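Me: Could you take a close look at one part of this structure for me? I would like a connected account of a single strand and its partners.

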Amino acid sequence: MSDNRSQANLASPDASGVGADPPIVELRNVGKHYGRITALKHVSFAIRKGEVVALVGDNGAGKSTLVNIIAGALAPSVGELLIEGEPMRFRSANEARQMGIETVYQDLALANDVPAWANLFLGREIKRRGPLGALGWLDKKAMIGAADEALGRTKIRIKSIEAKCGALSGGQRQAVAVARAINWGSRMLLMDEPTAALGVEQQHQVGVLIEAVREEGTPVLLVSHNLPQVMAVSDRILVLFHGHLVKELVTARTTTDEVIKWITGAGLVRQAAS
Ligand SMILES: Nc1ncnc2c1ncn2[C@@H]1O[C@H](COP(=O)(O)OP(=O)(O)OP(=O)(O)O)[C@@H](O)[C@H]1O
Ligand SMILES: [Mg+2]
C-alpha cells in the first residue's frame, strides 16, 4: 500500500520539483534480447532536467545494456526511447552524441599520450579558416580556451591542461572525461561505473563532478555499485533485478538497507508475501 503511494508520488511532476516539460529521456516498455537471453524486460522510466538518477542492480542485472540503449550503442529489441518527448531510434553512439547525450564509461576512453585539452576534441577538432577560406587548420587556441573553460566547470583542478592524460591521477582523468562530456553533452550525461577503479578521495571527486553537472541542469544517469555514493549524490534510485525495473526509490526517503533488499530480490519476496 505505502509502496503504491510512493510510486504515485514519483510519477507526478511535483515529486521531482519540475513542471510539465517533457522528460529529457524516457523509456517506454523497453526490452532487449541477446539471442535467447533477455537482458531487459518492460523497462519504463523518465529522467528530467537537473535530476541525478542512480541505476543499481547486481552483476548482469542489465544496467550497462540500459545505458547503452540510451547512449545509442545498442538498439532496443522492443519498446520506445523518447528524447524530450520525441521518439528516437539511434543508429549509433555518434547519433546520440550529436543529440547531446554523452557517456562516461569505466575505462574513460582517453588518449594517454596527448594533452588533457586535446582529449576534449578527439575526432571533433575545431578547425579555422585558412587564407583561402578553406576549413583546414586546427584552431589550437580556441580548443585550449574551450577545454580550460569546461575543466573549470568540473571544479577539479588539473595542474596544466597541457599535461598528457597518462600523467594525471585517476580522479583528474575522470575530470577530463567528464569535461569532455559536459563540453559536448548539453542534454544528458550517462556514467557507467565511473568510480569502480578509483580511490576514496577520487570517488569523492566524482561526487563533486556530478554536483557540478547537476548545477548546470544536465540530468545524470549514474550506474554504480557504490551505495554510499549513490545515497550521497542521487535524487532517485532505479533498481534493476534480472532485467526488470523492480523499484524506483526517492533517495531522501529510503535507506541503504532498503536499496540492498531490492537489489538482492528480497524486496520482491517480501512484496509477494504481503
Ligand atoms: N553482447 C552480449 N551478448 C549476450 N549476452 C549479453 C551481452 N551483453 C550482455 N549480455 C547479458 O545481458 C545481461 C545484462 O548484462 P549487462 O552488461 O547489462 O549487466 P550489468 O547490470 O551492467 O552488470 P555489471 O554490474 O556486471 O556490469 C547479462 O546476463 C549478460 O550476460
Ligand atoms: Mg555493467
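Reply: Happy to; here is a walk along strand S11 and the strands beside it. This is a predicted model, in which local features need pLDDT of at least 70, side-chain atom pairs count only at pLDDT 80 or more, and totals for chains, interfaces and linings use all residues. Residues are numbered from 1 along each chain as its sequence is written, chains are lettered from A and ligands numbered from 1 in the order in which they are written, and side-chain values use heavy atoms, with hydrogens and water left out.

S11 covers residues 236-241 (strands are DSSP runs of E with at least two residues, numbered from the N terminus), and six of its six residues are buried, meaning under 20% relative accessible area with a 1.4 Å probe and protein chains only. Arg236, Leu238 and Leu240 point one way from the strand, while Ile237, Val239 and Phe241 point the other way; all are buried.

Now for the partners. Strands count as paired if DSSP finds at least two bridges between them. Strand S3 (residues 52-56) runs parallel to S11, joined by four bridges, and here Val56 stands opposite Val239. With strand S12 (residues 244-250), S11 pairs in the antiparallel sense over six bridges. Val239 turns up again in this pairing, standing opposite Lys247 of S12.

Finally, the turn: S11 and S12 form a hairpin with two residues between them. In that turn, His242 has a positive phi of about 50°.

Notes:
Buried < 20%, exposed > 50% of the residue type's maximum accessible area, 1.4 Å probe, protein only.
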